[in-house]
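User: I am in my first year and would like a close look at a single part of this structure, followed outward into what surrounds it. Could you take one residue, and then build up the picture step by step?

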Amino acid sequence: MPSRLPRLLAATGLAVTVLTLAACAQQSPEKKATPPAAAPEATAQFGDGPAPAATPVGGGATTTKAPAVPLADGRWPGYIADVGGTTVSMDLVEFLTGDAAAKAWKKKYPTSEPDSPDNDYFIVNDNTKLRDLPLASTVKAVVLVDFNPGTEKTIAVSGLKKHVGSHLADTLFWFTVQQGKVTKIEQQFLP
């Protein structure tokens, strides 16, 4: 007569799984894990959200389009994937300087001759998600004339594509966010 032990163990495992899932489903909202909000600092950290379908962006790179993920109030570094109408699609990055830049450089390039990046900054772009952010009605863009420092001028956001041209997706900008809307976009000078 065959042993009933394998069937008993399988039934016990199934019962434990069902009870665990039921307990998780009944967990109160304040006990559910929520993703941490990103800190609005110069070395901005990017949050993770669901990763929808891949979208090609500039230079043949592939990124994913994230659902509207609001950013906390503050200044955020990133690249513009597209801008138009009432939104900007941006690729959030980390802009690191000083010791943070040197540490990230060493981690990414452990066998590199220089022990820190040129010009004391390092841009980390390991997250390929794009964020569609609403533009405030009063938003302006501050750009550099001929990409030179000290030559800033203010233009309408609609003029960004014309001003930067084919380098739009490769030009670093700072996005000021207030109450969930982009209120200012500033081009970053990079030597």
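Analyst: E186 lies in strand β10, and in this predicted model its side chain is joined to that of R75 by a polar contact of 3.3 Å. Leaving aside the neighbours within four places in sequence, E186 is in contact with R75, V142, L172, F173, W174 and T176. Several of these names come back below, and V142 is a good one to begin with, since E186 in β10 is the bridge partner of V142.

That bridge belongs to the pairing of β7 with β10, two strands that run parallel and are joined by four bridges. β7 also pairs with β4, over four bridges but in the antiparallel sense, and there T87 has P134 of β7 as its bridge partner. A further antiparallel pairing, again over four bridges, links β7 to β8, and in it V143 stands opposite K153 of β8. The pairings of β7 described here are therefore with β10 in the parallel sense, and with β4 and β8 in the antiparallel sense.

The loop that follows, between β7 and β8, holds F147, a residue that has a positive phi of about 60° although it is not a glycine. To see what makes this worth pointing out, recall that most residues other than glycine have a negative phi. F147 has a relative accessible area of 34%, so it counts as partly exposed.

From the strands we can turn to the nonpolar side chains that gather among them. The largest nonpolar core has 22 residues, and those that touch the most other members are I80, L160, V182 and I185. Two or more residues of this core come from each of β3 (74–84), β4 (87–92), β7 (129–144), α3 (160–164), β9 (172–178) and β10 (181–187), so that β10, the strand of E186, is among the contributors; β7 gives the most, with five residues. For a view from inside this core, take I80, which, apart from its neighbours within four places in sequence, is in contact with V88, S89, L160, L168, A169, F173, F175 and I185. Both L160 and I185 appear in that list, and they are also among the residues that touch the most other members of the core. F173 likewise appears among the contacts of I80 as well as among those of E186.

A second, separate core has seven residues, among them F95, Y121, I123 and L172, and L172 is one of the residues that E186 contacts. Another contact of E186 is W174, which brings us to the aromatic rings.

A search of the whole structure finds five aromatic pairs. In one of them, the ring centres of F95 and W174 are 5.8 Å apart and the planes stand at 80°, so the pair is edge-to-face. Because F95 lies in strand β5 (residues 94–97) and W174 in strand β9, this pair ties together parts that are 79 residues apart in sequence. Both F95 and W174 are buried. Ring pairs also bring in Y121, linking F95, Y121 and W174 into a cluster. Another edge-to-face pair is made by Y109 and F122, at 6.3 Å from centre to centre and with 75° between the planes. Y109 lies in the loop between α2 and β6 while F122 is in strand β6, so here the parts tied together are 13 residues apart in sequence. The two partners are not equally covered: Y109 is partly exposed, at 36% relative accessibility, whereas F122 is buried, with a relative accessible area of 10%.

The loop between α2 (98–108) and β6 (121–124) also contains D120, whose phi is near 60°, a positive value in a residue other than glycine. D120 is partly exposed, because its relative accessible area is 43%.

The last stop is α2 itself, where A101, A104 and W105 are buried. They cover an arc of only 105° around the axis, which puts them on the same side of the helix. The reason such spacing works is that an α-helix has 3.6 residues a turn, so residues three or four places apart point the same way. On the other side of α2, D99, K103 and K107 are exposed. The buried residues of α2 pack against β5 and β6, and these strands are familiar by now, since F95 of the ring cluster lies in β5 and F122 in β6.

Note on methods. Residues are numbered from 1 along each chain as its sequence is written. This is a predicted model: local features need pLDDT of at least 70, side-chain atom pairs count only at pLDDT 80 or more; totals for chains, interfaces and linings use all residues. Side-chain values use heavy atoms; hydrogens and water are left out. A nonpolar core is a set of buried Ala, Val, Leu, Ile, Met, Phe, Trp, Tyr and Cys residues joined through side-chain atoms within 4.5 Å. Buried means under 20% relative accessible area, exposed over 50%, partly exposed in between (1.4 Å probe, protein chains only). Contact means heavy atoms within 4.5 Å. Rings of Phe, Tyr and Trp (its six-membered ring) pair if their centres lie within 6.5 Å; planes under 30 degrees apart count as stacked, over 60 as edge-to-face and the rest as tilted. A polar contact is a pair of N or O atoms within 3.5 Å; within protein, one must be able to donate a hydrogen and the other to accept it, and residues adjacent in sequence count only if both atoms are side-chain atoms. The arc is that of the directions from the helix axis to the C-beta atoms. Two strands pair if DSSP finds at least two bridges between them.
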